[in-house]
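Grab your viewer and work through the exercises below. Each one gives a task, then walks through a solution.

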Amino acid sequence: MKKYISAFIFILCTVAAFSQTGKKPAAKEKPPTKKEMEAMMKDVQKAMDEMDPEDKKMMDSMGIKMPSFKNVPKVSDKQLADAWENENRIVPKKDADRIAAIPNAVTDTRMPAYITAVQKSVTAVLKPDVVTTGNKAYDYIKSISKNADEAANMAIGFWLAGQSEIALHVLGKICAGNTDNLNNYAAMLSMLDAPQLAIPILNNLNAKFPKNSTLLNNLGQAWFGLGEIGKAEKYLDSVIRIYAYHPQANLTKAAIEESKGNTAKAKELIKNSMMHSYTKDKEEKLAKLGEKTSAKNFRLPRRTKNDPLNLGGFQAPGFPLSVEECVQAEKEWTEFFKQVNGKLSQLGKLKKQADEMAVQDQQQRMNADINLVKTAMANPGTTGNFISVPMYADRAGKLLTAYTEMHGVRMKAFYKKVTDFAQGEGKNLKDAYEKEMEKLHEEDDEQTGEGKPNKDFCPKYRETSDKYLKAVNPTLHQFYQEGLKLQKEFINENAYWYMYIQWPAMYEATKLSFQMGWLGALKQGMGEGDPPYYNFPFISITQYVCKKQEKEPGKTKLREFDDIACQYNSKIDYEVIVIETNCSHSKTTYNMGQVKITEKELGDKYIGSTIKLTPKVSIGGQAGPIKIEGSVGADVTIEVDKDNEIKEWGGTVTTGIEAGVGISKGPVKAGVTVSEAVEVEIGSKGIGDVNMITKVEATAGVKVGPVGKSVQIGMESRSSIVSGHGHITVSGPLGTAKVGQW
């Protein structure tokens with residue numbers, strides 16, 4: 001019954017939302033009546049009955065079974081109204097019963113007994129097949145892990161794989177008294193509709209580790225799940241004060257503000273969340289509030305080199321300022337053209353090969369997508385991701401579009417400046433030169449002939465030509481350099497963002513196109529376009545060399561392009577699951593032995609979460625769960641002198657790192673080390689961002705080493721789940737779980 005009601009309420013909400021472009025969602029609209037629902041079901045059934053037989057046959061062949069609404073159980077107006085309210089609810093209703101059932105404070109001494117009691121109550125309400133699979137997973141993990149910490153990390157691996165209830169069941173058997181494990185277990189409980197069981201654990205940890213943003217956030221999310229909005233706000237506000245771009249606290253606070261009708265504030269909070277990390281859910285939420293996502297709303301790792309293809313290493317010959325220099329320049333530029341043409345020919349052949357490889361690679365990708373569809377049809381419950389489009393393509397495309405628009409404005413201004421010169425000062429200089437030369441030719445003609453002086457006018461022609469060349473070519477050289485600078489930046493920006501937009505094989509072909517485009521820009525320059533100047537980006541006058549001076553032309557040797565490849569690589573290796581991420585895709589490998597899992601659960605019951613994993617231990621041991629308000633991005637450079645003092649450093653750190661260690665200008669004594677971590681943002685539709693995090697920790701006596709461009713997280717790492725808010729209404733069996741005597 002509930003399934004049918006929810007399905008139709010979803011249809012009605014969707015229709016209402018699409019019919020109100022730019023308006024507030026249909027949460028305040030009237031719910032359908034029993035009579036309206038029955039009429040709608042009849043219309044839908046009629047449409048299905050009248051479907052073309054060929055269309056039905058095609059859908060059957062694809063494994064799509066059309067539902068029947070002929071024998072749907074009757075529902076009352078109240079049931080419809082309740083379902084409508086739940087479907088459109090932005091924040092949960094206050095659940096007085098579950099709040100009253102929250103156990104009293106749990107001491108460290110009593111914590112193991114409490115966890116055992118919680119695990120017992122949870123196990124009692126989970127599906128039997130989940131418990132069976134969870135027990136097998138636990139036995140397998142126990143057999144391959146060296147200690148409880150490794151086993152707990154493997155449980156986190158199941159959570160990352162989307163097996164949320166299995167992860168909870170396994171971690172509950174492992175967590176013991178470890179701070180990270182207790183926080184993660186509580187976060188899982190909260191997001192799986194059991195915040196009433198999570199709060200005592202989080203309260204215990206919060207008392208020991210005050211002002212820890214992860215614990216404060218997780219408490220705020222738990223109280224939100226119980227509908228205790230005022231208390232939730234206090235915790236969430238404290239988190240946002242610590243870190244303005246906290247991904248989960250901002251997102252849940254946005255829901256609260258939206259429920260109050262404060263749409264502008266809600267949009268601001270979603271943008272703040274997105275600035276830390278992106279998920280499709282956040283973009284859709286922002287769109288629902290009437291605002292499209294722009295390039296300002298998210299970020300990808302910044303490049304560490306301004307000229308990754310080494311375009312600036314290609315130097316063209318100079319521009320001539322005299323007739324004699326024109327003779328030499330033409331020879332040098334002609335030789336330069338030959339080199340460029342030779343390189344273009346070579347790159348053209350490589351491009352043809354790369355294009356063929358890209359086509360083959362894309363065909364294999366399409367075949368893999370088709371096979372995934374076929375497998376899913378044959379084996380219901382099978383999960384997987386389509387791989388036709390790289391995971392960051394949409395965001396990178398938006399960022400590139402924003403840059404391209406800005407570049408277009410700059411190019412328009414540049415071309416106007418060139419045109420203004422050509423039609424103004426440049427034309428005046430040319431007209432004056434031609435007028436002066438015409439006068440000299442007349443004077444020369446008058447004094448040339450039998451019985452006349454027959455003076456050599458070549459020096460005068462040359463002197464006038466030199467004057468013109470000195471007046472015009474420096475400006476043309478300035479335009480040439482400015483045009484190349486704009487083109488170099490444009491190519492480098494495209495080369496960087498296309499790493500995220502295209503798959504590696506296609507990107508190899510694209511890089512060759514960029515290289516060929518740069519050579520073309522060097523070759524063509526800003527020539528006037530009319531013979532004899534069309535081959536050169538400068539004015540060349542060579543007919544007035546009065547004395548032949550044979551000089552060897554200077555030689556300009558072409559440099560080689562630097563290669564640009566993805567330097568954003570992270571690997572999370574928890575043995576049971578390995579996640580490898582780079583600029584274009586994320587690959588997940590499951591190594592679960594005999595444990596067979598087919599149904600992916602992630603996102604069914606909660607909005608999202610952030611998981612931070614770090615290979616380092618915080619200051620003074622485990623100073624509370626890992627926090628996420630450290631730097632995002634790996635664009636950090638460190639300068640260390642012989643006395644092991646950091647003299648200069650730059651990057652994207654925004655606030656204190658770990659247990660309050662801040663970054664300050666000037667020398668920082670030894671005892672500060674740079675380490676890296678991985679942060680995984682999970683939305684209801686799966687993994688969103690996988691960020692590399694560079695952070696600074698005080699670990700006395702450890703020297704600062706180079707910051708790597710890759711991050712690897714293994715079994716010795718620490719993990720902290722930063723929870724997002726759960727389903728708005730109690731939707732799972734854990735919502736009814738209670739702890740009795742313990």
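**Exercise 1: an arginine in a loop**

Is R559 buried, partly exposed or exposed? Once you have that, place R559 in the chain and find its partners from elsewhere in the sequence.

Solution. Keep in mind throughout that this is a predicted model.
- Start with the location: R559 sits in the loop between α21 and β1.
- Next, the accessibility. R559 comes out at 45% relative accessibility, so it counts as partly exposed, given that the partly exposed class runs between 20% and 50%.
- Now skip the neighbours within four places in sequence and list what remains: R559 is in contact with N310, G313 and F314.
- Finally, check a backbone distance. The C-alpha atoms of R559 and G312 are 9.5 Å apart, although 247 residues separate the two along the chain.

**Exercise 2: the disulfide**

Find how many disulfides the structure holds, and describe the geometry and setting of what you find.

Solution.
- Count: there is one disulfide.
- Identify the partners: C458 and C546 are joined, with an S to S distance of 2.2 Å. That passes the 2.5 Å cut-off for a disulfide.
- Get the handedness: the torsion about the S-S bond is -100°, and the link of C458 and C546 is left-handed.
- Map both ends: the pair ties together distant parts of the chain, 88 residues apart. C458 belongs to helix α20 (residues 458-501), while C546 lies in the loop between α21 (504-524) and β1 (569-573).
- Compare the surroundings: C458 is buried at a relative accessible area of 14%, whereas C546 is partly exposed at 29%.
- For other cysteines, look at C175, buried at 0%, and C326, also buried at 0% relative accessibility.

**Exercise 3: helix α8**

Work out how the span of α8 fits its residue count, then look at its burial and its two ends.

Solution.
- Span: α8 (residues 148-160) has 13 residues, and its first and last C-alpha atoms are 19 Å apart. At 1.5 Å a residue you'd expect 18 Å, so the value is close.
- Burial: 11 of the 13 residues of α8 are buried, so the helix is largely enclosed by the rest of the structure. Among them are M154, I156, F158 and W159.
- N-terminal end: N147 acts as a cap, with a side-chain oxygen 3.1 Å from the backbone nitrogen of D149.
- Other end: G162 follows α8 and has a positive phi, near 90°.

**Exercise 4: a glutamate in α14**

Which residues does E257 touch, leaving out those up to four places away in sequence?

Solution.
- Place it: E257 is part of helix α14 (residues 247-259).
- Check the accessibility: at 8%, E257 counts as buried.
- List the contacts: E257 touches E233, N262, K265, A266 and L269.

**Exercise 5: confidence**

Decide where the model deserves your trust and where it calls for care, going by pLDDT.

Solution.
- Overall: the chain averages a pLDDT of 75, and 66% of the residues score at least 70.
- By element: helix α13 (residues 229-242) has the highest mean, 94, and strand β5 (residues 637-640) the lowest, 30.
- Low stretches: residues 526-534 have pLDDT below 50, and this stretch makes 16 contacts beyond near neighbours in sequence. Residues 693-709 are also below 50, with 70 such contacts in the model.

Key: Residues numbered from 1 in each chain as written. Predicted model: local features only at pLDDT ≥ 70, side-chain atom pairs only at ≥ 80, totals over all residues. Heavy atoms only, no water. Helix = DSSP H or I, 4+ residues; strand = E, 2+ residues; numbered from the N terminus. Buried < 20%, exposed > 50% of the residue type's maximum accessible area, 1.4 Å probe, protein only. pLDDT = per-residue confidence, 0-100. Contact = heavy atoms within 4.5 Å. Polar contact = N/O pair within 3.5 Å; in protein donor to acceptor, adjacent residues only side chain to side chain.
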